[in-house]
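Reader: Please take me through this model with care, beginning with how its strands are paired and ending with the chain as a whole.

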Amino acid sequence: MDKYLIINADDFGMCHSANLAVFDLFKKGGITSSTIMTPCSWAREAGVWAAAHPEYAVGVHLTFTSEWGNYRWGPIAHNNTESLRDSEDFMYHESDEFEKNSDVDEVAAEIRAQIERFRSFGVEPSHLDNHMGSLYGIETGRFELLNTTLDIAGENGLPFRFPGVFVPEMFENDTLEVKIDQSLIAMVFDKVVSYANSLKVAVPDYLIPGEWNGPQNDSYENFKEYIYELYKSFPEGVTETYIHPALESDELKAITGAWHRRVWEHKLFSDPQTLQHIDACGIKLINYRDLAKMKGF
């Protein structure tokens, strides 16, 4: 079997610096898809651009957390969002807070509202994924949130970011932050994937994002070496990895103290050498539209 890779740029629309980076990476071929955070203030700029460039695969980054200290956002549904809001009236900072407090009916309504906001920009989404993994239920075991998300993905005929195969290495990946017991995952995992297939919701085989805990956070060269080695290890089948690119700016620095990570990701994936390395690894780049066709959906 061949190796296929989806490189998704998360957090499109989060801020202007992110938008500029995504525009650039699509044009240079450094990403194959991206997803817009529709509750954020720069989502419209991202959506209008996506409508003007239908050749690119752009979807909805379903957002139920608002993690930054000073830059925050709230639900976009007009009614019945009380369980989705923290004491400051924004979305919760962390996924576990969201899982513990959210009402599943309000979650479903907000998912639909975010998809409709995306469509209001004049473009159809290519796929759905989820900001900070809050809809997976992996913080507290609330898998009804995941089932609800898959239901809505199926209603809309959209692929969804969820790994078709859950390998033990995912528990060791700090970016994924799987906090529930591995035996519980194993018990429900096959059922979730079978349910997605029954709804004709295409999912990638593997989900393998890069991590930052280690020497890769110390310098750009370390980060580049780490990513190149990681990509050599990708298995046969369809793997999705995701990045959060942005251009260096005062705006970005005011949002996050870890701004350099996003700048380095833009730099690395705009480098032609990175595409050459991916090709040398025998990896074929695809997007989520390609995945749906491959799955026969």
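Author: Two strands pair if DSSP finds at least two bridges between them, and strands (E, at least two residues) and helices (H or I, at least four) are DSSP runs, numbered from the N terminus. This is a predicted model, in which local features need pLDDT of at least 70 and side-chain atom pairs count only at pLDDT 80 or more, while totals for chains, interfaces and linings use all residues. Residues are numbered from 1 along each chain as its sequence is written, and side-chain values use heavy atoms, with hydrogens and water left out.

Reader: Which residue in E2 is the bridge partner of Ala 9?

Author: Strand E1 (residues 3-12) runs parallel to E2, and 3 bridges join them. Within E2, the partner of Ala 9 is Ser 34.

Reader: Are the faces of strand E2 covered or uncovered?

Author: In a regular strand the side chains alternate between the two faces of the sheet. In E2 (residues 33-36), Ser 33 and Thr 35 lie on one side and Ser 34 and Ile 36 on the other, and all are buried (under 20% relative accessible area, with a 1.4 Å probe and protein chains only). Both faces are therefore covered.

Reader: What radius of gyration does the protein chain have?

Author: The C-alpha trace spans about 50 × 45 × 35 Å along its principal axes. The radius is taken over C-alpha atoms, and the globule rule is 2.2 Å times the number of residues to the power 0.38. Because a compact globule of 297 residues would have a value near 19 Å, the chain agrees with the rule at 18 Å.

Reader: How many helices and strands does the protein chain have?

Author: Buried residues make up 57% of the 297 in this chain. Its DSSP runs comprise 11 helices and 7 strands.

Definitions and conventions:
Buried means under 20% relative accessible area, exposed over 50%, partly exposed in between (1.4 Å probe, protein chains only).
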